[in-house]
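Biologist: I'm new to this one, so could you take me through a single part slowly? I'd like a close look at how the domains of one chain meet.

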Amino acid sequence: MKLLQLPQGDLRERLAGEGIWLRTGPFSIRVTSNLETVAEGLSELYGQFEVRNSREAFADFHVAVNPPSLLRSWFRPQVNFSFDGVEPFKPLPLSQAYPMLEWGLNWCVSVHARQYLIIHAAVVEKNGLAAILPAPPGSGKSTLTAGLVLSGWRLLSDELTLIDRKTGLIHALPRPVSLKNESIPIIRAFSDEAFINRASHDTAKGTVAHMRPPKSSVQRQHEATRPGWVIFPKWTSGAATKLAPRSKAQTFMFLAQNAFNYSHLGADGFRVGITLIEQVDCYDFTYSRLDDAVATFDRLAAAPARVNAPH
Amino acid sequence: MRHSTAWLPRLQESMPHTEMSPPSDLVSRVFRDPATIRKFSLGDWDRLVRQARHAGLLARMHDLFAAQGISSVIPNVARWHFEAAATLAEKQKIAVRWEVGQIRAALAGLELPLIVLKGAAYVMAELPAASGRLFSDIDILVPREALSEVESALMLAGWHTVGLSDYDQRYYRRWMHEIPPMQHVRRATVIDVHHAILPDTARYHPDSAELRRRAVGVPDFPGLAVLSPEDRILHSATHLFHDGELPHGLRDLSDLDLLLREEAKAPDFWSRLASRTEELQLERSLFYALRYVRHFFATPIPEHMDSALASSAPGRSQLAFMDAIFRRVLAPAHRSCEDRFTSAARMAAYVRAHWLRMPPRLLLPHLFHKAFISLYQREPNPA
């Protein structure tokens with residue numbers, strides 16, 4: 001059953017009680033929360049995701065988002081993220097409850113799922129090949145990701161590139177796309193189809209909102225994909241759209257440094273990283289207009305199949 | 001610590017004494033009887049993974065299933081949790097070996113006997129207790145008279161003391177058997193430098209020179225030693241029952257189980273252990289350690305050990321009280337293993353450990369400080 005098929009009252013009741021069991025990509029999560037904003041966020045953004053009976057027996061991550069205690073919430077409304085009773089973060093203001101759930105889920109995956117080499121990068125797919133978009137904050141990575149998935153690219157993830165250590169394929173985790181500050185109005189203007197939830201202001205990252213993942217990306221969330229490109233986007237005001245080849249060695253070093261768990265995998269992390277880098281074309285990408293950026297990506301995806309298939 | 005201690009007598013009357021370990025503790029049940037997983041429902045696996053993660057035993061359980069040839073029984077949805085934990089444990093083993101090499105190099109000029117303790121010792125000596133072991137620090141033992149040289153040498157190599165209040169610094173240096181933890185400036189690895197295995201203020205504290213004299217060298221690692229098998233076991237036993245906070249109590253007890261099973265392969269081991277325990281006056285610690293390791297892990301312990309330690313056993317009511325405490329604090333620190341007495345039991349274990357570690361004239365001011373002064377200071381807690 002999809003979450004949107006669950007009556008609103010049931011959703012709230014389950015969320016505050018036994019929890020909502022959700023399947024996101026390769027992971028099952030059980031979320032509990034007694035907060036209205038969390039129920040609203042889930043119902044607006046996770047409608048296409050599979051939910052099961054709340055008595056579903058096994059979940060990878062049992063998480064909760066709730067105010068710390070009645071007394072403290074009275075003089076300073078706050079919210080805590082808990083992973084099965086462990087609170088990895090300091091509490092945040094109550095208004096950031098929903099983004100805290102998303103950040104907490106990213107944390108759960110990035111520190112535990114060592115069956116993947118996990119790179120801090122967005123990843124999208126077209127014509128069977130994935131484009132990995134690693135980039136420091138402020139480079140326009142999320143804006144570009146949102147633009148691409150609103151233009152026919154499949155969303156694999158906006159934060160976590162999961163590379164299967166056994167197959168080298170990239171697994172999808174198409175949870176909502178996090179948008180910050182100016183990218184929120186840019187994406188609203190870019191497409192009528194974009195649904196963006198209510199923004200949380202004054203977070204550590206500024207104003208944050210989440211975009212609902214496209215229905216088709218969620219429906220295909222169990223399809224793994226071959227890596228095709230590693231592209232470093234950089235938004236620069238007024239710049240012409242430009243795709244410039246980039247050194248594979250440098251790209252590898254950057255990916256290793258920006259992987260969440262490279263150092264935890266020992267020699268295997270190196271092997272997986274090298275196998276990946278041998279299969280992909282690497283580029284630096286400068287852009288200022290989202291339409292042009294999408295057009296460039298579309299041309300890349302339409303180019304004839306390349307010869308450097310995986311070995 | 002924000003609790004008062006007024007509940008102590010009340011607790012003693014009301015704590016139920018019957019069951020040894022809570023029935024919901026699946027982790028120790030699986031270690032006692034690995035084949036029990038064949039009967040597990042998916043709901044049992046859910047609880048097992050969660051409890052084992054909280055107990056720090058996921059990776060060791062992975063190794064247990066592999067050794068028993070029953071890994072294929074793990075349902076597909078649960079398997080990655082065990083494998084991912086084992087991946088990290090394997091990587092940490094390599095990292096610990098490398099880090100110990102760095103420590104040895106940093107101290108090479110001092111020409112002192114360098115002894116590694118606990119987890120790092122199990123890895124260096126390639127003992128079964130190294131299985132699935134995760135590390136937050138490396139413990140070393142050096143002669144007390146060399147402490148300041150060791151600290152300077154480690155500082156030159158990049159380790160330094162971080163983030164402790166003045167009170168905690170003074171507390172360590174004056175009363176503890178170790179100096180404050182030192183963290184490497186680039187790798188963020190942490191070393192605990194000990195000059196003894198128990199504080200001087202503890203009721204019984206074995207002479208470190210005596211422990212060092214019996215230490216055994218690590219093959220292929222010149223200049224490095226580990227404690228003798230008996231001393232290693234006694235250290236593990238005393239550590240468990242003198243440490244105030246036991247977030248990994250069950251993991252530590254599992255270490256002890258593996259250490260005992262390994263050494264018990266030697267025919268005269270148990271008598272050697274008994275006489276060494278007497279020599280170091282650690283009978284009471286060993287009594288408790290054997291009692292709980294047997295209950296949680298069904299470790300085979302010969303009956304003559306029970307008779308040898310019988311005179312060191314506490315009275316019946318004290319023992320019942322200790323059972324009520326330790327069967328709770330040693331269970332996995334997961335809410336499915338807790339009952340309404342668990343937090344009181346943790347508090348009791350904390351107070352008891354401090355009671356054993358220092359005389360009342362030191363203990364009361366220390367607990368007062370911990371309760372009221374450090375309440376809102378988020379710092380590593382040395383005690």
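Modeller: Here is a walk through the domain contact in chain A, followed by a few words on its partner chain and on confidence. Keep in mind that this is a predicted model, with an ipTM of 0.92 and a pTM of 0.89.

Chain A splits into domain 1, covering 3–112, and domain 2, covering 116–302. Their C-alpha centres are 25 Å apart. Where the two touch, 17 residues of domain 1 of chain A are in contact with 21 residues of domain 2 of chain A. On the domain 1 side, helix H2 (36–45) and helix H4 (97–112) of chain A each bring at least two residues. H4(A) gives the largest share of that side, seven residues. Sorted by class, the domain 1 side has seven nonpolar, eight polar and two charged residues.

Chain A also meets chain B: 13 residues of chain A are in contact with 18 residues of chain B. On chain A's side of that meeting you'll find five nonpolar, six polar and two charged residues.

As for confidence, chain B has an average pLDDT of 85, and 84% of its residues score at least 70. Among the elements of chain B, helix H4 (residues 58–68) has the highest mean pLDDT, 98, while helix H1 (residues 8–14) has the lowest, 42. The pLDDT is below 50 over residues 1–21 of chain B, and it stays under 50 over residues 375–383 of chain B too. Where pLDDT is low, don't read the predicted coordinates in detail.

Conventions: Residues numbered from 1 in each chain as written. Chains lettered and ligands numbered in written order. Predicted model: local features only at pLDDT ≥ 70, side-chain atom pairs only at ≥ 80, totals over all residues. pLDDT = per-residue confidence, 0-100. Helix = DSSP H or I, 4+ residues; strand = E, 2+ residues; numbered from the N terminus. Contact = placed C-beta atoms within 7 Å. Nonpolar A, V, L, I, M, F, W, Y, C, P; charged D, E, K, R; others polar. Domains from an automatic or database assignment.
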